[in-house]
Amino acid sequence: MTQSEQFIKKLLKTASITINGENPWDIQVHDDRFYDCILREGVLGFGESYMDGWWDVEQLDETVARIHRAHIEREVKKSKEAIWLVLRSKLINVTAHDRAFVVGQKHYDIGNELYDRMLDPDMNYTCGYWKDFKNFETAWKKPENLHKAQLAKLDLVCRKLGLQKGMKVLEPGCGFGNFAYFAAKNYGVKIVGYTVSKEQAVKARERCEGLSVEIRHDDYRNLKKEKFDRIVSIGMMEHVTYKNYAGFMELTDECLTDDGLMLIHTIGSNESVITVDPWTEKYTFPNSHLPSIAQIGKAAEGKFIVEDLQNFGPYYYPTLMAWDNNFKKSWNELQKINPEKYTERFYRMWEFYLLASAGGFKARSMQLYQFVFSKSTQPEVYQAVR
C-alpha cells in the first residue's frame, strides 16, 4: 500500500467512508491512480477520476454529503488549478461583457434535447419548492411531484412580488422562459427577459408565443434605461460573480420604479469566497460564483431595503435527485439522438454534476436564498409570504 493510499483511506475514514467497503456510500476503486490524483488535484481530481471510471459508488450523493460534513477538502492540499482560480478571480473580471456569453455556450447551449428530458415539463432549471410534501427528501421518486414543486416555486415568486395585471417585469436570466410564461399567463403581467443562451432564447420565444413576453438574446447590462414595476432574477446571480454584484444592484436600482420590488433567487454559499471549485469551473459552470448573504447585502447597501430573506436550500436535494432520475431514464434515447455527444464520459460527468451537487445541499454546504428588496420609502409594511 502506497503512502497516498494510506493517507486517502485514513482521510475518508473520518467521514465513515471505507474504500471497497460494503456500504452504498463506500467508494469502489478500480484504478490505484485514484489516490495520487486526489492528493495532486483535490476536487478536480476527484471529479475527473470518476469521469474516467477509476472509481464508482452506489450512492454518490451520500458519499459527497459525508465528505462535506467531515470537511475533508480542508485536509487535501489545494491543486495548482484551484490556486490559479483564486488569482484569476482577483485579476480578471470573468463576467465582463466580452465573457458574458461563455456560460451560455458551455452549459446551456449543449442541447435542448437534454434539458427537455431531464427537467420538468416546463423546463424549470432551478430549485423547486417542496413545502407541501411531507417527506420531500423522497417525494422526488414520483415524477409528477417535480412539476408540482416547480409550479409552487413560480407561484411563490409571483406572490412575493405581489404581481398585478398590467405590471411590467424585467427578468435578467430568463432561462427557457418558464417564469415569463407562468407570470404572463396567470398574473397578466408584461415580461422582458434576457438570456445569454441562444438555445434558451429559441425555446423561451416558442413557449411564450402569444403572451406579453419579449425575450432578448443579449447581456442584460445592455439594457436601456427602461423602468419596470418588478424585477426578478431566478438562478442568474450565480453567473454574475462577486466583482459585478454592485453593478447589478446599480443597474436594477436605475430600472426599478420607486415603489417597485425585486426578487433574487440564488444558490448561496455559507462563506464569502471568490471562486467555485475547479471541477465546476472546468466542466459545468465556467465563470460562476456562489454568493454569500454578506456579499449580496454589501452590494445592496445604500440602494435597497431587504424586505424578506428565505432559505430553502434543502429543497434542492429532491430537485437534483429528480433531475438525475429523469436523466438516467432518458440516457438511451439521448445516445440515439447524438451518440458522438452523449458518450460514456459525458454520462459520468453529468452524473457527477447532479449527484455531487445533491450531496452538497444534503450536507447544507450550499443554500438556496430568496431575497426580496424594495427601494420604497412609503410606510407600507411588506407582508412576507411562504
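**Close-up 1. Residue classes around the second largest pocket.** In this predicted model, the lining of the second largest pocket splits into four nonpolar, four polar and four charged residues. The charged side of that list can be picked out by name: Arg230, Asp259, Glu307 and Glu380 are among the lining residues. Leu261, Ile305, Val381 and Tyr382 also line the pocket, and so do Ser374, Ser376, Gln378 and Gln383. The space inside comes to about 280 Å³. Two strands are worth finding here, E7 (256-269) and E8 (305-311), as each supplies at least two residues of the lining.

**Close-up 2. Ser233 and its neighbours in strand E6.** Let us move to a single residue, Ser233, which sits in strand E6 (residues 228-234). Is Ser233 buried or exposed? Ser233 counts as buried because its relative accessibility is 0%, and the cut-off for buried is under 20%. Leaving aside residues up to four places away in sequence, Ser233 touches Pro172, Phe248, Leu263, Ile264 and His265.

**Close-up 3. The largest nonpolar core.** This view takes in a core of 71 residues, the largest nonpolar one. Which of its residues touch the most other members? They are Phe34, Trp55, Phe327 and Trp350. Helix H16 (residues 344-362) provides the largest share of this core, with 11 residues. Another core, of 26 residues, lies apart from it, and Ala184, Ile191, Val232 and Val372 are among its members. As a general background, nonpolar side chains tend to be buried together in soluble globular proteins.

**Close-up 4. The second largest cavity.** Two cavities of 30 Å³ or more are counted in the model, and the second largest has a volume of about 40 Å³. Its lining is made of Trp140, Lys142, Pro143, Leu146, Ala322, Asn325 and Asn326. Helix H9 (143-161) and helix H15 (316-337) are the elements that give two or more residues to this lining. Which of the elements gives the most to the lining of the second largest cavity? That is H15, with three residues.

**Close-up 5. Residue classes around the second largest cavity.** Staying with the lining of the second largest cavity, we find four nonpolar, two polar and one charged residues. Lys142 is one of the lining residues to look for, along with Asn325 and Asn326. Trp140, Pro143, Leu146 and Ala322 complete the lining.

Key
Residues are numbered from 1 along each chain as its sequence is written. This is a predicted model: local features need pLDDT of at least 70, side-chain atom pairs count only at pLDDT 80 or more; totals for chains, interfaces and linings use all residues. Side-chain values use heavy atoms; hydrogens and water are left out. On a 1 Å grid over the protein atoms alone, a cavity is a set of points where a 1.4 Å probe fits but cannot get out, and a pocket is an open set with protein on both sides within 12 Å along at least five of seven lines; lining residues have an atom within 4 Å of a point. Grid points are joined across faces, edges and corners, and a volume is the space filled by probe spheres set on the points. Helices (H or I, at least four residues) and strands (E, at least two) are DSSP runs, numbered from the N terminus. Ala, Val, Leu, Ile, Met, Phe, Trp, Tyr, Cys and Pro count as nonpolar, Asp, Glu, Lys and Arg as charged, and the others, Gly among them, as polar. A nonpolar core is a set of buried Ala, Val, Leu, Ile, Met, Phe, Trp, Tyr and Cys residues joined through side-chain atoms within 4.5 Å. Buried means under 20% relative accessible area, exposed over 50%, partly exposed in between (1.4 Å probe, protein chains only). Contact means heavy atoms within 4.5 Å.
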